[in-house]
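Visitor: Thanks for taking the time to walk me through this one. Could we go over it together, starting with the charged side chains?

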Amino acid sequence: MITAAYAGLLGLVFLVLTVRVVTRRGAVKASLGDGGDILLERRIRAHGNFIEFVPLGLILMILLEMQSVSIWIVHLVGICLLVGRVIHAVNISRENESLGGRIVGMLLTLTALGVASIAALVRSFGVM
């Protein structure tokens, strides 16, 4: 299963993002919220944004596999989702963020979701 590999990789990214939030919380002694710490706020948003987009991407990927859509499309979606989420997380979690990096990350993520959604619809209606 192709999706299982991407889920595993994305799971590892999620763990890294989680550890970054937890360690910063400990450093600034903020058990809830961000305690006014801008770096913690950014890490929380990187973590939250990741979890807002990744589940739908993985659901769409598994559905594509179940519909026997071309493995190249599934890989395209997986690569865009993985790379997009990593680029976005790296850039949003920096104090001196790169807006360009965030935009690239979001574009890759939205490409993944868009391609997967269209492929699922096309396949569902018997065109592919």
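Visitor: How many salt bridges does the count come to?
Guide: Happy to help, and please keep in mind that this is a predicted model. In general, side chains of opposite charge can pair when their charged atoms come close. One such pair here is Arg24 with Asp37, and another is Arg45 with Glu52. The count comes to two.

Visitor: Which parts of the chain does the pair of Arg24 and Asp37 link?
Guide: The side chains of these two residues meet at 2.8 Å, N to O. They sit 13 residues apart and link distant parts of the chain. Arg24 belongs to helix α1, and its partner Asp37 to the loop between α1 and α2.

Visitor: Is Asp37 buried or exposed?
Guide: Its partner Arg24 has 22% relative accessibility and counts as partly exposed. The cut-off for buried is under 20%. Asp37 has 15% relative accessibility, so this residue counts as buried.

Visitor: And in the salt bridge of Arg45, how far apart are the closest N and O atoms?
Guide: Arg45 is partly exposed at 34% relative accessibility, and Glu52 is also partly exposed, at 48%. In the salt bridge between Arg45 and Glu52, the closest N and O atoms lie apart by 3.2 Å.

Visitor: Let's turn to the nonpolar side. Which element gives the largest share of the largest nonpolar core?
Guide: This core has 26 residues, and those touching the most other members are Leu10, Phe50, Met61, Leu64 and Val77. Two or more residues come from each of α1, α2, α3 and α4. The largest share is eight residues, and it comes from α2.

Visitor: What does Leu64 touch, not counting residues up to four places away in sequence?
Guide: Leu64 is one of the core residues that touch the most other members. Leaving out residues up to four places away in sequence, its contacts are Val69, Ile73, Val74, Val77, Ala116, Ala119 and Ala120.

Visitor: Which elements do the buried residues of α3 pack against?
Guide: The end C-alpha atoms of α3 are 31 Å apart, which agrees with the 32 Å that its 22 residues should span. Its buried residues include Val74, Val77, Leu81, Arg85 and His88. The buried residues of this helix pack against α1, α2 and α4.

Visitor: One last stop: what does Met106 touch beyond four places in sequence?
Guide: Met106 lies in helix α4. Its C-alpha atom is separated by 10.0 Å from that of Val83, 23 residues apart along the chain. Not counting residues up to four places away, Met106 touches Asn49, Phe53, Arg85 and His88.

Notes: Residues are numbered from 1 along each chain as its sequence is written. This is a predicted model: local features need pLDDT of at least 70, side-chain atom pairs count only at pLDDT 80 or more; totals for chains, interfaces and linings use all residues. Side-chain values use heavy atoms; hydrogens and water are left out. A nonpolar core is a set of buried Ala, Val, Leu, Ile, Met, Phe, Trp, Tyr and Cys residues joined through side-chain atoms within 4.5 Å. Buried means under 20% relative accessible area, exposed over 50%, partly exposed in between (1.4 Å probe, protein chains only). Helices (H or I, at least four residues) and strands (E, at least two) are DSSP runs, numbered from the N terminus. Contact means heavy atoms within 4.5 Å. A salt bridge is a side-chain nitrogen of Lys or Arg within 4 Å of a carboxyl oxygen of Asp or Glu. The expected span of a helix is 1.5 Å times one less than its number of residues.
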